[in-house]
Amino acid sequence: MIANYGYKDGSGEYYISIDTDKCIVCEAGRACLGACPKGMFEIISDDYDDEVAAVKQQFRRSLAFDCAQCKPAGGYTTLPCVSACTPGAIKHSW
Amino acid sequence: MAETAGEKKEYWRWQENCWIDESKNWRDAKIITAGIDVGSVSSQAVIVCDGGLYGFNSMRTGNNSPDSAKNAINGVLEKSGMKLEDIHYVVGTGYGRVNVPFAHKAITEIACHARGANYMGGSQIRTILDMGGQDCKAIHCDEKGKVTNFLMNDKCAAGTGRGMEVIADLMQIPIAELGPRSFDVDEEPPAVSSTCVVFAKSEALALLKAGYSKNKVIAAYCQAMAERVVSLLERIGVEKEFFITGGIAKNPGVVKRIERLLGLQAVQTKYDSQIAGALGAALFGYTLVQKQGVPNKAAA
Ligand code: SF4
Ligand code: SF4
């Protein structure tokens, strides 16, 4: 399943997509959990009882602001979450 | 009925609905399950007998989730002569899903809407747009109604039932009339420019002052809602067949404009579009009982 967390507002589209099929057999040791400096990810049991990564509820409406420190202006050339997730489950829309 | 002095007419008030299938006798059913969808604006209870829809109650959400859940189920229990103890499994869904006191399990509305749409629209449904009271969801599912992709906008009320209620009150036109009246215009106006309900309200007032008829303002607002939800849908793509759930599915002014923008017709259903979430929850309950058996004691 592709789970899209985020929103669209007047300034743009801010979504983090997680391909949860890759989380079920995570080959990165749940690296997303430790990689994000804001601790934005958590492992949940989804509606089909699979253990998958999700963006925590409290960050879902403020991604543009919360991820700002990792985006190019913040000095990172690649995003910590995307780099840590070697299966390639995480994508950002902006 | 004439409005008396001091009495405020509630233009936003939509039709509550309680129904049971008189052709069925629930006492014949081997497995009875219920789904309770406690949303921010409306609450539904659906009863499923042996995997088929038996009855439902759809009403406005009250002051708190537990009472809303009880009121919703009580309506359909009273109408059918059933007792809560006769129900083998209850699944809660919606934003108040963890506060349904008699539920055995909570499942998100995303999974439940997909499952409900699969029942209501058929196994060919692949894209679901749920326009709820205060959020909007775009969902892809497979032939079994299992979610494969989803997106949810709950950041603002634009494109939602609450937004439409605000416009009904502002225009002083009953909410059920908004859709038909939006087509009663000389020419289709451009959408109101703001997607925010608060600004759309002031923009609507400005348009009225500028000489727009009420119908034209409603048309501009329906178009804005349609454009907003279509942009949400486009993010995940629209695969055939396409189905709309939630209260706004009953508003042809928005539905027809969505269809026009997508170049695609939504699948019609004989069921009430507002019960999709609760129906999906009850169907999840049915599958769980089939797999795991009846739990020892009702959660109530
Ligand atoms: S997001 Fe990546 S690292 Fe995190 S659980 Fe899923 S596959 Fe593993
Ligand atoms: S971009 Fe940075 S803050 Fe945003 S989710 Fe990834 S690691 Fe966390």
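1. Aromatic pairs: the count is 6 over all chains, taking rings of Phe, Tyr and Trp (its six-membered ring) as paired if their centres lie within 6.5 Å, with planes under 30 degrees apart called stacked, over 60 edge-to-face and the rest tilted. Keep in mind that this is a predicted model, where local features need pLDDT of at least 70, side-chain atom pairs count only at pLDDT 80 or more, and totals for chains, interfaces and linings use all residues. Side-chain values use heavy atoms, with hydrogens and water left out.

2. Have a look at Tyr7(A) and Tyr14(A): the pair is tilted, 5.5 Å centre to centre with 45° between the planes. Both residues are buried (under 20% relative accessible area; exposed is over 50%, partly exposed in between; 1.4 Å probe, protein chains only).

3. Tyr14(A) also pairs with Trp94(A), and this one is edge-to-face because the planes stand at 80°, with the centres 5.5 Å apart. Tyr14(A) sits in strand E2 (residues 12-19) of chain A and Trp94(A) in the segment after strand E5 (90-92) of chain A, so the contact ties together parts 80 residues apart in sequence. Strands here are DSSP runs of at least two residues (E), numbered from the N terminus.

4. Tyr14(A) counts as buried because its relative accessibility is 11%, while Trp94(A), at 29%, counts as partly exposed. Together with Tyr7(A), they make up one aromatic cluster.

5. Charges over rings (NZ of Lys or CZ of Arg within 6 Å of the ring centre and within 35 degrees of the ring normal): Lys71(A) lies over the face of Trp94(A), 3.8 Å from the ring centre. Across chains, Lys146(B) lies over the face of Tyr48(A), at 4.9 Å from the ring centre.

Technical notes. Residues are numbered from 1 along each chain as its sequence is written. Chains are lettered from A and ligands numbered from 1 in the order in which they are written. Helices (H or I, at least four residues) and strands (E, at least two) are DSSP runs, numbered from the N terminus.
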